[in-house]
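This report describes how a protein model holds its ligands, and then turns to selected residues of the chain. The reader is invited to follow the text with the structure in view.

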Amino acid sequence: MTSKLSGDHIKLAIQKDGRLTEDTRNLLRTVGLHFESYKQRLFSICRNFPMDILYVRDDDIAEYVAEGVVDLGIVGRNLVVEADKPVEEIMPLNYGHCSLKVAVPAESGISRIEQLAGCKVATSYPVTTSRFFEERNVDVNVITISGSVEITPALGVASAIVDLVSTGSSLRLNDLIAIENVLDSQSVVIANRDSLADNQKAAIVERLLTRFRGVMAASEYKYVMMNVPASALEYISTIMPGLKSPTVLPTADPSWMAVHTAIREDMFWDVIEELKTLGAQGILVSSIEKMFV
Ligand SMILES: Nc1ncnc2c1ncn2[C@@H]1O[C@H](COP(=O)(O)OP(=O)(O)OP(=O)(O)O)[C@@H](O)[C@H]1O
Ligand SMILES: O=P(O)(O)OC[C@H]1O[C@H](OP(=O)(O)OP(=O)(O)O)[C@H](O)[C@@H]1O
Ligand SMILES: [Mg+2]
């Protein structure tokens, strides 16, 4: 095995050390990739998949993908939009959820962005912010700040900010309120366009995405096993939004049937409550590790 990045592999850039790092590493390991990741490492080679992983600052990922330094990147959509580079977003990954919002001091009395005309707006996302206000025809002076944007109104630097919000606690801590959403973000896979046009690379990318889909689909479902009265089986089958029709097996008692199915997490409690009222018993629920439909 060589220590250089090899040509017949695809290259994936992920955040080296930050909010997305742990979830991203976990996802890669859950899809069965074997690789070393030490903090001082800049890249590692997957032992069982034709891919090399580069660890970089998240701000650089979209640029590296656009330039073809790497074929794929995993990064927050907020940074893909801000980088404004020609890359393809090919899959949302359902972690790293946050939103970019316009916020103002709570006591300012400002509730609409039109009231910010002629004002200073501080942000670490100048490209996205300028475009947002231009599209809304509100003329503002965008000031670029690299961090702790929330304190700029209190310092008199700006009348409003555009910053990432997740729980909203940073805004509350600084007596700010959000007045408009600029974009919703989550971790996404982005790809270099030439790599997608290369059949060999595109095939490896598709293998990786298939694995990601399997893990993500599984996280949205629970596997449910239960015994139901044979008389209620027909109706119970209609209320179970499983993948296809549920698996029905006979039990030692002909008046009871065993039913196995996958139920979407978001409908789970409603369905379980209804099943219980219809006489289902011995309901066992388990997580699904991977799922391919
Ligand atoms: N409070 C939050 N909650 C959830 N996700 C967030 C939050 N803040 C940021 N994110 C998402 O996580 C990404 C990485 O955030 P992080 O704070 O690690 O960035 P960073 O400090 O710029 O890291 P780097 O050192 O790699 O440049 C953000 O670009 C965004 O997509
Ligand atoms: O709505 P909340 O849950 O409070 O999250 C939002 C905060 O999280 C991020 O900052 P981070 O903690 O990464 O600090 P930094 O931007 O100063 O690096 C973001 O820039 C906000 O400040
Ligand atoms: Mg960064």
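Ligand 2 is surrounded by Arg19, Ser148, Glu150, Asp163, Leu164, Val165, Ser166, Thr167, Gly168, Ser169 and Ser170; a residue is near a molecule if one of its heavy atoms lies within 4 Å of it. This is a predicted model, in which local features need pLDDT of at least 70 and side-chain atom pairs count only at pLDDT 80 or more, while totals for chains, interfaces and linings use all residues; side-chain values use heavy atoms, with hydrogens and water left out. Residues are numbered from 1 along each chain as its sequence is written, and chains are lettered from A and ligands numbered from 1 in the order in which they are written.

Oxygen atoms of ligand 2 and of ligand 1 make polar contacts with the protein, listed in the table below. A polar contact is a pair of N or O atoms within 3.5 Å; within protein, one must be able to donate a hydrogen and the other to accept it, and residues adjacent in sequence count only if both atoms are side-chain atoms.

| Ligand atom | Protein partner | Distance |
|---|---|---|
| Oxygen of ligand 2 | Arginine 19, polar side-chain atom | 2.6 Å |
| Oxygen of ligand 2 | Threonine 167, side-chain N or O atom | 2.5 Å |
| Oxygen of ligand 2 | Glycine 168, polar backbone atom | 2.7 Å |
| Oxygen of ligand 1 | Glutamine 15, side-chain N or O atom | 2.8 Å |
| Oxygen of ligand 1 | Arginine 19, polar backbone atom | 2.8 Å |
| Oxygen of ligand 1 | Aspartate 58, side-chain N or O atom | 2.7 Å |

Arginine 19 therefore appears in both groups, with a polar side-chain atom for ligand 2 and a polar backbone atom for ligand 1.

The protein buries 63% of the 500 Å² that ligand 2 exposes when taken alone. For ligand 1, the protein covers 74% of an accessible area of 640 Å². Such areas come from the Shrake-Rupley method with a 1.4 Å probe; for residues, only the protein chains shown count as cover.

Where does ligand 2 sit? Ligand 2 sits in the largest pocket, and the space taken by ligand 1 is the largest pocket as well. On a 1 Å grid over the protein atoms alone, a pocket is an open set of points with protein on both sides within 12 Å along at least five of seven lines. A molecule sits in a pocket if more than half of its atoms lie within 2 Å of its grid points.

Two elements give two or more residues to the shell around ligand 2, namely β9 (160–165) and α5 (169–173). Strand β9 gives the most, with three residues. Helices (H or I, at least four residues) and strands (E, at least two) are DSSP runs, numbered from the N terminus.

Around ligand 1 there are 15 residues, of which Gln15, Arg57, Asp58, Asp59 and Asn78 come nearest. Asp58 and Asp59 also coordinate the magnesium ion (ligand 3) through their OD atoms, at 2.0 to 2.1 Å. Donors are N, O and S atoms within 2.8 Å of the metal (3.2 Å for Na, K and Ca); water is not among the atoms, so sites may look incomplete. Aspartate 59 is partly exposed because its relative accessibility is 43%. Buried means under 20% relative accessible area, exposed over 50%, and partly exposed in between (1.4 Å probe, protein chains only).

Backbone angles give a further view of the chain. Most residues other than glycine have a negative phi. Serine 148, one of the residues around ligand 2, has a positive phi near 50°. Serine 148 lies in the loop between β8 (141–144) and β9, and counts as exposed because its relative accessibility is 53%. Aspartate 84 also has a positive phi, near 55°, and its place is in the loop between α3 (77–83) and β5 (88–92).

Is isoleucine 10 buried or exposed? Isoleucine 10, in strand β1 (residues 10–15), is buried because its relative accessibility is 0%. Its C-alpha atom is separated by 4.8 Å from that of methionine 51, 41 residues apart along the chain. Valine 81 is found in helix α3 and is partly exposed at 26% relative accessibility.

Technical notes
On a 1 Å grid over the protein atoms alone, a cavity is a set of points where a 1.4 Å probe fits but cannot get out, and a pocket is an open set with protein on both sides within 12 Å along at least five of seven lines; lining residues have an atom within 4 Å of a point.
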